[in-house]
Amino acid sequence: MAKYKSKTPDLPPQFQKPAPGKLASMPDTKGHSLYSYLSDMKRRWADSKRAEIIPTLEKCWRNFNSLPETDDTPQTSRGKKPWRSDAFHPLTEQKVMAGVSQMDDVLFREGKFPYAYKTSPITDAGLDTITFDRKENEPLTEEEQKIANMGRIAKRKMRLMKRVTDDQFAECSAVEEARSMLFSAALYGTAAVESPIVVQRTRNKWDGDKLTTEKEDAASFKALDIWLCWPDPDCGGDVQKGRGFFTQTDYMLQDILSLRDQVFEEIESEDPEFDYIKDNFDALILSLQGKTESNQQQPEGSNADKTYVEDRPWLKGNRGDMEGVFPWIKFAGSVPNRFLRGIIEGVTDDGKYSEIIAEYCNGYLVKAALNPFPKQRRPFHLVPLTKIPGSCWGRGVAQKIFDHQENINRLIRQYIDNKRLSGNLMTAIDRDKLKEGEGLEIYPGRNWEFDQGYGDTDVRKLIQQVSLQDVTEGVLEAIQMFMMWADAASGIPRILEGSASESGATAYAENQRIIAASKQLGLMLKNLDTFGWVPIAESFYDWNMEFGEDDRIKGEFQVIATGFSSFENKNMKKLDLERMMLMAQQNPLLGNRIKAAPLLEDWFQTSSLDTDRYLLTEIEAQ
């Protein structure tokens with residue numbers, strides 16, 4: 001069958017120019033009822049998000065970028081030059097970046113995705129470590145040997161599966177995408193991920209002495225913009241529950257043209273199941289090119305998905321419609337079958353629901369298919385930094401210190417404003433005694449002229465200095481107090497930001513703060529493991545089990561995340577080393593038996609310190 005290659009779309013009859021004098025009605029495109037259903041659902045979810053979540057996200061964004069809230073003071077309204085300070089302390093930026101840096105150091109120190117595989121409990125019975133109840137030197141029975149062989153086969157398959165998944169993660173730049181997730185979770189409290197994504201990769205192969213290439217489908221994943229994600233508000237944070245999940249990607253016209261060519265490379269033009277895709281794609285491109293007649297109506301709701309400035313605060317002050325950029329909406333979720341009749345083959349209006357993946361743009365449905373992924377799992381995940389029970393959204397570092405950021409800003413502005421008032425020259429001048437035309441400016445070397453009749457009165461009384469009291473005593477102490485409270489609220493002490501330790505704090509006190517911060521950091525890493533790394537790795541595992549062609553990798557495995565475990569092992573080892581050093585100092589007998597050099601080297605390594613730079617060698621110590 002011939003491939004669909006036409007560059008210039010031939011429109012179906014419903015999109016052709018209407019008869020003169022007749023107003024064209026809304027195009028009855030195939031799948032328009034499904035589009036209307038999804039568009040209405042997304043509009044309601046977007047309104048809910050704008051009312052409940054967007055103000056919090058915008059405040060996080062403004063605090064991170066040190067942008068004060070817009071405030072029209074009476075001075076500005078009277079036309080006077082505002083003098084009050086609008087200083088903004090970068091507390092949020094420091095805390096967020098310090099938290100991201102600490103978690104990044106734990107999770108991606110080796111540049112690998114933090115996950116591993118474990119064999120299921122059934123096949124675990126056959127691992128090499130199994131012990132059978134038998135007498136010494138008694139050979140294994142046939143059944144016991146079979147179990148042991150099962151264990152060795154399971155471990156070999158598991159290693160092969162890990163190798164294939166590692167290769168897939170490397171190809172899709174998983175660590176870079178995970179870092180984007182990490183930053184979004186720390187700043188906004190929630191990260192969003194699409195996994196798996198089906199992409200085409202080109203493989204190079206040697207056929208004898210000739211290099212050949214072939215394309216194959218592969219799994220990938222990417223971090224999403226949390227501003228352009230709309231989960232079901234009633235899903236409770238689990239995207240697999242509720243009605244579904246919407247996400248938006250901004251495309252330009254050339255992007256959509258390239259996507260059309262890519263889609264129709266794979267779809268046969270004579271396949272009746274995909275005829276509506278061709279028609280709708282052609283109509284979509286024509287509408288985006290602006291070639292529709294002025295008296296031809298656009299599809300109902302075609303502007304419903306335009307980008308609003310409320311959805312992204314950096315668009316404020318610019319045109320909200322983003323001329324030349326078109327929102328492409330993707331949905332994964334459950335819809336009534338009555339909207340799928342005639343679109344997806346085999347689906348009838350039986351009153352039930354089906355899990356689908358659909359995409360639409362500018363009022364035209366361009367894709368609708370049953371969810372092809374294993375177990376019909378939706379390829380989206382929400383990853384909270386700190387889980388809020390019953391909510392889709394989490395709490396991040398920025399939100400935890402909202403009040404502290406606001407109070408520190410106020411105190412700093414109070415300090416600066418009072419210093420301006422008490423430290424600058426202010427005068428009281430009797431204008432009636434000045435000579436006509438004499439100005440009020442004050443500068444060094446200024447000569448004053450007075451009207452006659454001023455008499456022998458002291459001329460210094462004409463201009464008197466007004467001194468305001470400096471009331472900033474205690475303000476700096478209050479700022480330090482709020483900084484300390486921000487350390488406790490965020491779980492990130494200042495010493496982890498690279499700042500100097502608190503004045504007067506002992507080394508023991510600083511160490512206790514670091515230990516307390518490690519506990520909160522551990523809880524955050526657990527959430528990332530549970531809601532992030534495990535679901536992503538499971539989606540790749542399910543993909544390989546369902547669509548992988550190599551049977552040697554297929555087995556019953558369990559995905560485990562290694563982010564928290566690696567942090568816990570490192571943290572517990574450091575505490576054990578510190579206890580051992582303390583015991584060696586307190587007990588001379590134990591101190592004489594301990595090798596100090598290896599103990600110090602291990603402690604320096606767990607503290608992420610360079611032993612060659614800070615620690616003397618044995619020869620240097622002698």
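Biologist: How much area does the protein expose, and what share of it do carbon and sulfur atoms supply?

Modeller: Keep in mind that this is a predicted model. The protein exposes about 35,500 Å². Of that area, the share from carbon and sulfur atoms is 50%.

Biologist: And what percentage of the residues is buried?

Modeller: The protein has 622 residues, and a residue needs under 20% relative accessible area to go down as buried. On that basis the buried part comes to 40%.

Biologist: What does the secondary structure add up to?

Modeller: Helices and strands both turn up here. The tally is 18 helices and twelve strands.

Biologist: Which residues does the cis peptide bond join, and where does the proline lie?

Modeller: In general, most peptide bonds are trans. Here, omega is about 0° for the bond between Ser195 and Pro196, a cis one. As for the proline, Pro196 lies within residues 190-207, which form strand β2.

Biologist: Ser173 has a positive phi, so to speak of oddities: where is its place, and is Ser173 buried, partly exposed or exposed?

Modeller: Phi of Ser173 is about 55°, and the residue is not a glycine. Its place is the loop between α6 (142-171) and α7 (174-188). With a relative accessible area of 34%, Ser173 counts as partly exposed.

Biologist: What about Gln376: which loop is it found in, and what is its relative accessible area?

Modeller: Gln376 is another non-glycine residue with a positive phi, near 55°. Gln376 is found between β8 (364-370) and β9 (380-384), in the loop. It is partly exposed, and its relative accessible area is 36%.

Key. Residues numbered from 1 in each chain as written. Predicted model: local features only at pLDDT ≥ 70, side-chain atom pairs only at ≥ 80, totals over all residues. Heavy atoms only, no water. Helix = DSSP H or I, 4+ residues; strand = E, 2+ residues; numbered from the N terminus. Buried < 20%, exposed > 50% of the residue type's maximum accessible area, 1.4 Å probe, protein only. Areas by Shrake-Rupley, 256 points an atom, 1.4 Å probe, with all protein chains shown as cover.
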